[in-house]
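These are my notebook entries on a structure that I am consulting for the first time. I set down what I looked up, entry by entry.

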Amino acid sequence: MSELARTNIHEYLAELEDIPGTRVYTTKRARQGYWLNQFAMSLMKAKNREAWKADEAAYLADWPMTQDQRDAVLARDYNLLLDLGGNIYYLAKVFSTDGLSFLQAVSTMTGMSTEDYQDMMINGGRSPKGLRSIKEGT
Amino acid sequence: MARITVGIGTSHVPAIGAAIDLGKTKDPYWKPVFDGYEWTKTWIENEKPDVIVLVYNDHATAFDMDIIPTFAIACSDSFKPADEGWGPRKVPDIHNHADLAWHIAQSCILDEFDMTIVNNIDLDHGLTVPLSLMFGQPEEWPCKVIPIAVNVVTYPPPSGNRCYGLGEAIARAVESFDEDLNVQIWGTGGMSHQLQGPRAGLINPEWDQKFLDNMTANPALLRAIPHIEYLRETGSEGIEMVMWLIMRGALGDNIKELHRHYHVPASNTAVGHIVLEKTS
């Protein structure tokens, strides 16, 4: 059982892009988002959080990110940040500094109010039905 | 001789740690989450493990984008709970069985599982929340802990098959360690959850329960599950369940399910928990 069929990397990567409403953190996104994520990581330090809160734009100017990435951070547009190479565990440093929980921050990506999102979770969460594959519509 | 006796699977949701730390475990929202761990808390007091090999993932805490080890084993004598941005959890320091950790590292590498050896790292909720769930709020953790960190953040994570094989290699390593030790292995993370994008909040209880069933019924099926199935069926963060397969792989063929718990939700996540005893 230790021998499984060898994975075709191109098919593997194509499948990762076939999931509705999802940005899998691939090596391509990791490269694109390297500085965006490292900026977010810097907020793990209290001293950096103070500087960030004092002047967000000035703080971002010190990081070699794209202007799109800077603008999306300032706007807290988390879906756009995912498209620009952000990863949720790094972006969590930004929303935690804002005082938001995972549930509150995650809800902003769904088009639902936080209350409606929390109610959905309490009622069993979002069904995978129809959300498994863009191509297949399943 | 050291021996692995038990495998435990559990979610490691950070909000669970916060609920414990803030004394909210009896709140109506949280009570059903914690009730399912009461059996294990009582049972483990009698089991008295000497060492836990605790498989978890770091969530951009000790490792950032500069170093991304697929499998890392932490070998220093002790560790602090990490400051994840709002101050470290007020839980005891974690003490390693460093001799066994180094032994597992060298044994696994000779067994062709090329572990990254790390020493001075802080441990985040992925490791401390499971300890709190099983042991409550003690002054000191009652046993030694060997942290094994798996990359499940940057794709590709290791395959389920590779994780299962690493579990088998860890079992061989433990069995060749010449000290009489009762060792448990814990696999943490999961179950279904997605923390990103418009599809966030995805939960799939049928799939999750089948995964728990197959821990005993058909582990060969579990090791063959491809990444894309975790993503499609259990959400983008459900991939953490490959870490449960390291636990399962370390237990061998003959096991018995002692306890199971499943609840939706804790924050964005389906909580799953299983206790598996090695029977031969």
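**Entry 1: a salt bridge between chains**

I looked first at A:R132 and B:E233, whose side chains meet in a salt bridge with an N to O distance of 2.8 Å. I note at the outset that the model is predicted. Searching the whole structure, I find 14 salt bridges over all chains. The pair of A:R132 and B:E233 crosses between chains: A:R132 belongs to the segment after α10 (114–122) of chain A, and B:E233 to helix α9 of chain B. I then asked whether each partner is buried or exposed. A:R132 has 22% relative accessibility and counts as partly exposed. B:E233 is buried, its relative accessible area being 17%.

**Entry 2: the interface of chain A and chain B**

How many salt bridges are there between chain B and chain A? I count two. For polar contacts across this interface, I obtain 26 residue pairs, with both residues at pLDDT 80 or more. I next recorded which elements of chain B take part: α8 (219–223), α9 (227–234) and β9 (255–266) each supply at least two residues to the side that touches chain A. The largest share of that side, five residues, comes from α9(B). Sorted by class, the side of chain B that touches chain A holds 20 nonpolar, 15 polar and ten charged residues.

I turned then to the extent of the contact. It takes 49 residues from chain A and 45 residues from chain B. The size of an interface is often given as the accessible area lost when the parts come together. Here the two chains, A and B, bury about 4,100 Å² between them, and 59% of this is on carbon and sulfur atoms. In chain B, the residues that lose the most area to chain A are B:M65, B:R199 and B:R232, together 16% of what that side buries.

**Entry 3: salt bridges within a chain**

I continued with pairs inside chain B. B:D21 and B:R89 form a salt bridge, with their closest N and O atoms 2.8 Å apart. B:D21 lies in helix α1 (residues 14–21) and B:R89 in the loop between β4 (78–79) and β5 (94–95), so this pair ties together parts of chain B that are 68 residues apart in sequence. B:D21 counts as partly exposed at 33% relative accessibility, while B:R89 counts as buried at 12%.

I also examined B:R223 and B:E168, a salt bridge in which the closest N and O atoms are 3.6 Å apart. B:R223 is in helix α8 and B:E168 in helix α6 (residues 160–175) of chain B, so the pair links parts 55 residues apart in sequence. B:R223 is buried at 8% relative accessibility, and B:E168 is partly exposed at 29%. In chain A, I noted a network of salt bridges that links A:E56, A:R76 and A:D98.

**Entry 4: the surroundings of B:H12**

Where is B:H12 placed? I find B:H12 in the loop between β1 (3–10) and α1 of chain B. At 3% relative accessibility, B:H12 counts as buried. Leaving aside residues up to four places away in sequence, I list among the residues that B:H12 touches B:H125, B:G126, B:T188, B:E240 and B:M243. B:H12 and B:H125 are 113 residues apart along the chain, yet their C-alpha atoms are separated by 6.8 Å. I recorded two polar contacts made by the side chain of B:H12: one of 3.4 Å with the side chain of B:N57, and one of 3.3 Å with the side chain of B:H59.

How values were computed: Residues are numbered from 1 along each chain as its sequence is written. Chains are lettered from A and ligands numbered from 1 in the order in which they are written. This is a predicted model: local features need pLDDT of at least 70, side-chain atom pairs count only at pLDDT 80 or more; totals for chains, interfaces and linings use all residues. Side-chain values use heavy atoms; hydrogens and water are left out. Contact means heavy atoms within 4.5 Å. Buried area is the accessible area (1.4 Å probe) that two parts lose on being put together, summed over both. A salt bridge is a side-chain nitrogen of Lys or Arg within 4 Å of a carboxyl oxygen of Asp or Glu. A polar contact is a pair of N or O atoms within 3.5 Å; within protein, one must be able to donate a hydrogen and the other to accept it, and residues adjacent in sequence count only if both atoms are side-chain atoms. Helices (H or I, at least four residues) and strands (E, at least two) are DSSP runs, numbered from the N terminus. Ala, Val, Leu, Ile, Met, Phe, Trp, Tyr, Cys and Pro count as nonpolar, Asp, Glu, Lys and Arg as charged, and the others, Gly among them, as polar. Buried means under 20% relative accessible area, exposed over 50%, partly exposed in between (1.4 Å probe, protein chains only).
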